[in-house]
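Dear colleague,

Please find below the structure that I am handing over to you. My findings follow it, and I should be grateful if you would read them alongside the coordinates.

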Amino acid sequence: AVGRPVFPTQPVERVAAVLAILAKGGAPLDAEAIALRFRQGLKVRPAIRAVLVSLARVGEVSTADGGRRFGRRFAALG
């Protein structure tokens with residue numbers, strides 16, 4: 001766990017942290033895979049899941065498997 005970042009406590013920072021991980025990953029990720037990138041590990045999985053569901057509701061992330069894994073959506077410009 002040493003060397004991994006702490007999952008933020010503030011809602012806006014949590015969203016930013018989850019989006020940053022999704023932006024780096026090439027494939028969709030589930031809440032567990034994201035949680036394991038933070039020092040608290042699986043303890044923060046429910047909070048990450050809540051962030052992912054909220055982001056899916058507003059169209060920032062998408063899921064192709066019914067909400068198990070999520071990927072970052074990017075809008076094409078031009």
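What percentage of the 78 residues in the protein do buried residues make up? The share is 29%. Please bear in mind throughout that this is a predicted model.

Overall architecture

The protein contains three helices and two strands, and their order along the sequence is α-α-α-β-β. Its radius of gyration is 12 Å, close to the 12 Å that the globule rule gives for 78 residues, so the protein is as compact as a globular protein of that length. The C-alpha trace extends over about 40 × 25 × 20 Å along the principal axes. Of the contacts with a separation of 6 or more, 48% are between residues 24 or more positions apart.

Surface and charge

About 5100 Å² of the protein is exposed, and 57% of this area comes from carbon and sulfur atoms. The protein carries 13 positive and 5 negative charges, and the mean positions of these two groups are 3 Å apart.

Asp30 and Arg68

Asp30 is located in the loop between α1 (11-24) and α2 (31-35). Is this residue buried or exposed? Asp30 counts as buried because its relative accessibility is 16%, which is under the 20% cut-off. Beyond its neighbours within four places in sequence, Asp30 has contacts with Leu52, Arg68 and Arg69.

With Arg68, the link also involves the side chains: a polar contact of 2.9 Å connects that of Asp30 to that of Arg68. Arg68 itself sits in the loop between β1 (61-62) and β2 (71-72). Its relative accessibility is 52%, so Arg68 counts as exposed, the cut-off being over 50%. The polar contact therefore pairs a residue that counts as buried, Asp30, with one that counts as exposed, Arg68.

Which residues does Arg68 touch, not counting those up to four places away in sequence? They are Leu29, Asp30 and Thr63. Arg68 and Val44 are 24 residues apart in sequence, and their C-alpha atoms are 16 Å apart in space.

Arg57

Arg57 belongs to helix α3 (residues 45-57). This residue counts as exposed because its relative accessibility is 68%. From Arg57 to Arg45 the distance in space is 18 Å, C-alpha to C-alpha, and the two are twelve residues apart in sequence.

Yours sincerely

Definitions and conventions
Residues numbered from 1 in each chain as written. Predicted model: local features only at pLDDT ≥ 70, side-chain atom pairs only at ≥ 80, totals over all residues. Heavy atoms only, no water. Helix = DSSP H or I, 4+ residues; strand = E, 2+ residues; numbered from the N terminus. Buried < 20%, exposed > 50% of the residue type's maximum accessible area, 1.4 Å probe, protein only. Polar contact = N/O pair within 3.5 Å; in protein donor to acceptor, adjacent residues only side chain to side chain. Contact = heavy atoms within 4.5 Å. Rg over C-alpha atoms; globule rule 2.2 N^0.38 Å. Areas by Shrake-Rupley, 256 points an atom, 1.4 Å probe, with all protein chains shown as cover. Lys, Arg positive; Asp, Glu negative; His and termini not counted. Charge placed at Lys NZ, Arg CZ, Asp CG, Glu CD.
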